[in-house]
Structure formats: structure tokens, C-alpha cells
Amino acid sequence: MSCPKCLAKTKQVKDGYTTAGSQRYRCKACGCRYTPNPQDQGYDEEMRQQALVLHLEGLSLRLIGRLLLVNHQTVANWINSYANYLPPDLPTSILELLALDGDIEDVLALEQEQNEPAPRN
Ligand SMILES: [Zn+2]
């Protein structure tokens, strides 16, 4: 355990729990309190990787945004964050899962609907 502020690895003591039930810590070096694995902050890694998978399959950022229910600008930021680093174990594309449910045609119709060229990185 290391402090996110001063990066001290010693003098890190448990300091109760957050309302979400996560263990909280306090750094005795700088006095700050922090939660190592916050439960409700931002989007999880799996969702970002899913966006990357869909992007690699050629979907537009807008369509990815609609599928994952996030702003397409957020999707763009996620994709950009992977520009120099591809995770070794990418999740299975939700497109395959949708295909199993027979929803794939809806998705493709959605893609054609928005006949708009995706911005190139
Ligand atoms: Zn500290």
C-alpha cells in the first residue's frame, strides 16, 4: 500500500470504511486519507477495453458510445489512452454477444443510420 499523494509506502494505516464499503487508509506521513480501490469512481477498465475492442472492429466512436451508453468524446479519450499500449487480454467483443441474441442487425442498422466518417487518429 502506498500513499497516492506523497507515495510513502510506510506508515499507511487503516482508517475505517467508505459508505460504499471500501477499506479506507490514512497516510501518517502526509496525513491524507484515500481509498485504494474506489467502487464508484469513473468507468471500469473492462468497459474501456470493450470500447477499444469495438474500435478495433471498425465501429465509429459514436456507435461505440451508443452501445456502451457513454459520450462519444469519452470513448475517444479511452481509445487515445490506448494509443501506445494495447492490453494483452482484450475482452470478447459485445458484438459477438449481441449476434447470439440476434441484435446484431439492429446494431448495424444503427451504424448505417449515422453515415458519418469517424475521425482518424
Ligand atoms: Zn502521504
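1. Leu-7 is found in the segment before β1, and it is a convenient place to begin reading this model, which is predicted. Leu-7 counts as exposed because 10 other C-beta atoms lie within 10 Å of its own, and a residue is called exposed if that count is 12 or fewer. Although Leu-7 and Cys-30 are 23 residues apart along the chain, their C-alpha atoms are separated by 9.5 Å.

2. Before going further into the details, it helps to have the overall plan in mind. The protein chain has 5 helices and 3 strands, and, when it is read along the sequence, these elements follow the pattern β-β-β-α-α-α-α-α. Of the 121 residues of the protein chain, 13% count as buried. Among the contacts between residues at least 6 apart in sequence, 46% join residues that are at least 24 apart.

3. The strands can be taken together. They form an open sheet of 3 strands in the order β1-β2-β3, and the pairing is antiparallel. In this sheet β1 and β3 stand at the edges, each with a single partner strand, so one side of each is left without a neighbour in the sheet.

4. How many bridges join strand β1 to strand β2? There are 4 bridges between β1, which covers residues 12-17, and β2, which covers residues 23-27, and the two strands run antiparallel. Within this pairing Val-13 stands opposite Arg-26 of β2, while Lys-14 has Tyr-25 of β2 as its bridge partner. As for its surroundings, β1 is hardly covered, since the count of buried residues among its 6 residues is 0.

5. On the β3 side, β2 pairs with strand β3 (residues 33-34) in the antiparallel sense over 2 bridges. Tyr-25, the bridge partner of Lys-14, stands opposite Tyr-34 in β3, and Arg-26, which has Val-13 opposite it in β1, stands opposite Arg-33 in β3. A student following the backbone through the hairpin of β2 and β3 will find 5 residues between the strands, and in this hairpin Gly-31 takes a positive phi near 90°.

6. We can now turn to the helices. Two packed helices are described by the angle between their axes and the distance between the axes. Helix α1 (residues 45-56) packs with α2 at an angle of about 140°, and their axes are 10 Å apart. The two helices are therefore oblique to each other, and α1 passes α2 in a right-handed crossing. On the α1 side the contact is made by Met-47, Gln-50, Ala-51, Leu-54 and His-55, and on the α2 side by Ile-64, Leu-67 and Leu-68. Sorted by class, the residues of this contact are 6 nonpolar and 2 polar, with no charged residues.

7. Which residues make the contact of helix α2 with helix α3? Helix α2 (residues 61-68) and helix α3 (residues 72-81) pack at an angle of about 110°, with 8 Å between their axes, which makes α2 roughly perpendicular to α3. The contact is made by Leu-61, Arg-62, Ile-64 and Gly-65 of α2 together with His-72, Val-75 and Ala-76 of α3. These residues divide into 4 nonpolar, 2 polar and 1 charged.

8. The remaining pair to describe here is α1 with α3, which pack at an angle of about 85°, with their axes 9 Å apart. That angle makes α1 roughly perpendicular to α3, because angles of 65 to 115 degrees count as roughly perpendicular. The contact is made by Arg-48, Ala-51, Leu-52 and His-55 of α1 and by Val-75, Trp-78 and Ile-79 of α3. By class, the contact of α1 with α3 has 5 nonpolar residues, 1 polar and 1 charged.

9. Some residues recur when these contacts are read side by side. Ala-51 and His-55 of α1 take part in the contact with α2 and also in the contact with α3. Ile-64 of α2 is named in the contact with α1 and again in the contact with α3, and Val-75 of α3 belongs to the contact with α2 as well as to the contact with α1.

Note on methods. Residues numbered from 1 in each chain as written. Predicted model: local features only at pLDDT ≥ 70, side-chain atom pairs only at ≥ 80, totals over all residues. Pairing = 2+ DSSP bridges. Axes fitted to C-alpha atoms, helices over the stretch in contact; angles between N-to-C directions. Parallel < 35°, antiparallel > 145°, perpendicular 65-115°, else oblique. Contact = placed C-beta atoms within 7 Å. Nonpolar A, V, L, I, M, F, W, Y, C, P; charged D, E, K, R; others polar. Buried ≥ 20, exposed ≤ 12 C-beta atoms within 10 Å, placed from the backbone. Left-handed = near helix turned anticlockwise from the far one by under 90°.
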